[in-house]
Structures are given as structure tokens and as C-alpha cells.
Amino acid sequence: MSENDIRKWLSHITETVKARDLNQHMNLVSENVAVYGMPSGKTLSYADWRSRRKSEFQRGLLKSLAYNNLKIKTIGLRRLIFDIEEIMDGTNGDMAIINKQVILEQDMDDAWRVVEETIKNWKFIKGRN
């Protein structure tokens, strides 16, 4: 129920991407997750997230995730809300910088999982390949 829990969750997300471990990655995501503010206007579900990550891992498209500028909004007993800058680094040199709000909830098994993300803005940087 603290900044430490947020930082641990962020660390686990980055580690699962680096290892391309889809099962452990998706264990950090609630089956009821909703991602709002996608450039397409679509709201992503758990199945969408899983499908996207599976494709990125299998095709070797996503090199890493990194996080900067953590701003905690709410610390509750079973809910953490924060703003963060996510840097998605593609293997082709492309990069996406996404500013978003993340809501984590502590599940019945005591694991913290993302239940909602709202993308506030994003910037795409084309690689020099």
C-alpha cells in the first residue's frame, strides 16, 4: 500500500517484457482491465492486451519498457493511483513515450494488478534505422 508496491509492480512489468514472459506479464494485469485513450479510440481489454503482447514477444518487436516521473495520486488500502511516463523501446529503434494514469488494485491473492490505464498523451519517435 505504498510507493514501494508501485515501484515493485513497475519493476516486474519491465522484467517480464525483457524476458518475454507472457504468462508472468499477464499475471500483473487484472482480467477486468480497461485501457482508455488509445490512439485508435478503442478501449483495450485483457484479451486485447494479451494478444498485443503475445504478438510483440513472438515477433521480437518490443525491446524494453522503462518508467519515469512517478506522481502518486492516491494510496488506499487496496488501490493505488498514479501518473507515470512509460517509454516503449522497439527493437527497430522506434520509441513511444506515453504519459498515463495507472490504477493498481490488490487482488484477493494479495497480488497487485493493473485494473485501468488512461493514456493522457503520447509521442512516437521514429528510429534512425
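Trainee: Let's start with D89. Leaving aside its neighbours within four places in sequence, which residues is D89 in contact with?

Mentor: There are five names to find. D89 touches L62, K63, S64, D94 and M95, once neighbours within four places in sequence are set aside. Keep in mind that this is a predicted model.

Trainee: Where is the place of D89?

Mentor: D89 sits in strand β3.

Trainee: Does D89 count as buried or exposed?

Mentor: Use the cut-off: buried means under 20% relative accessible area. D89 has 17% relative accessibility, so D89 counts as buried.

Trainee: How many residues of β3 are buried?

Mentor: Of the 12 residues in β3, 11 are buried. The strand is mostly covered.

Trainee: Now the pairing. How many bridges join β2 to β3?

Mentor: Count 10 bridges. The two strands, β2 and β3, run antiparallel. To see one pair, start at I75 and look across to L80 in β3, its bridge partner.

Trainee: How many residues lie between β2 and β3 in their hairpin?

Mentor: Three residues lie between β2 and β3.

Trainee: And on to β4. In which sense do β3 and β4 pair?

Mentor: They pair in the antiparallel sense, over 11 bridges. As one example, D83 stands opposite Q101 in β4. β3 and β4 also form a hairpin, with four residues between the strands.

Trainee: Which residue takes a positive phi in the hairpin of β3 and β4?

Mentor: Look at G93. Its phi is positive, near 95°.

Trainee: Which residue in the loop between α1 and α2 should I look at next?

Mentor: Take R20, which lies in that loop. R20 is not a glycine, yet it has a positive phi of about 50°. Its relative accessible area is 39%, so R20 is partly exposed.

Trainee: What about the loop between β4 and β5?

Mentor: Go to D110, which has its place there. D110 is not a glycine either, and its phi is positive at about 75°. With 49% relative accessibility, D110 counts as partly exposed.

Trainee: Why does D110 count as partly exposed, when 49% is a high number?

Mentor: Exposed means over 50% relative accessible area. D110 has 49%, so D110 counts as partly exposed.

Trainee: Let's move inside. How should I read a nonpolar core?

Mentor: In soluble globular proteins, nonpolar side chains tend to be buried together. Here the largest nonpolar core holds 31 residues. W9, F82, L104 and V114 touch the most other members.

Trainee: Which elements give two or more residues to this core?

Mentor: The list is α1, α2 (22-26), β1 (29-36), α3, β2, β3, β4 and β5. α1 gives the most, with five residues.

Trainee: Which residues is F82 in contact with, leaving aside its neighbours within four places in sequence?

Mentor: Its contacts include I6, L10, L70 and I72. K71, K73, K100 and Q101 are also among them, as are V102 and L104.

Trainee: Next, the largest pocket. How much space lies in it?

Mentor: About 680 Å³. The pocket is lined by 29 residues, and R52, R53, E56, M88 and I98 are the closest to its centre.

Trainee: Which elements each supply at least two residues of that lining?

Mentor: There are helices and strands to check: α1 (3-19), α3 (46-59), β2 (62-75), β3 (79-90), β4 (95-106) and β5 (112-125). α3 gives the most, with six residues.

Trainee: How do the lining residues divide by type?

Mentor: The lining has 17 nonpolar, three polar and nine charged residues.

Trainee: What can I say about K54 in α3?

Mentor: K54 is found in that helix. It has 41% relative accessibility, so K54 counts as partly exposed. Then compare sequence with space. K54 and L22 are 32 residues apart along the chain, while their C-alpha atoms are separated by 6.5 Å.

Trainee: How far apart in space are T43 and D94, C-alpha to C-alpha?

Mentor: They are 23 Å apart in space and 51 residues apart in sequence.

Trainee: Where is T43, and what is it in contact with?

Mentor: T43 is in the loop between β1 and α3. Beyond neighbours within four places in sequence, T43 touches A34, V35, Y36 and D48. T43 has a relative accessible area of 39%, so it is partly exposed.

Terms used:
Residues numbered from 1 in each chain as written. Predicted model: local features only at pLDDT ≥ 70, side-chain atom pairs only at ≥ 80, totals over all residues. Heavy atoms only, no water. 1 Å grid on protein atoms, 1.4 Å probe; cavity = no way out; pocket = protein on both sides within 12 Å on 5 of 7 lines; lining within 4 Å. Points joined across faces, edges and corners; volume = space filled by probe spheres on them. Nonpolar A, V, L, I, M, F, W, Y, C, P; charged D, E, K, R; others polar. Buried < 20%, exposed > 50% of the residue type's maximum accessible area, 1.4 Å probe, protein only. Pairing = 2+ DSSP bridges. Contact = heavy atoms within 4.5 Å. Core = buried A, V, L, I, M, F, W, Y, C linked by side-chain atoms within 4.5 Å.
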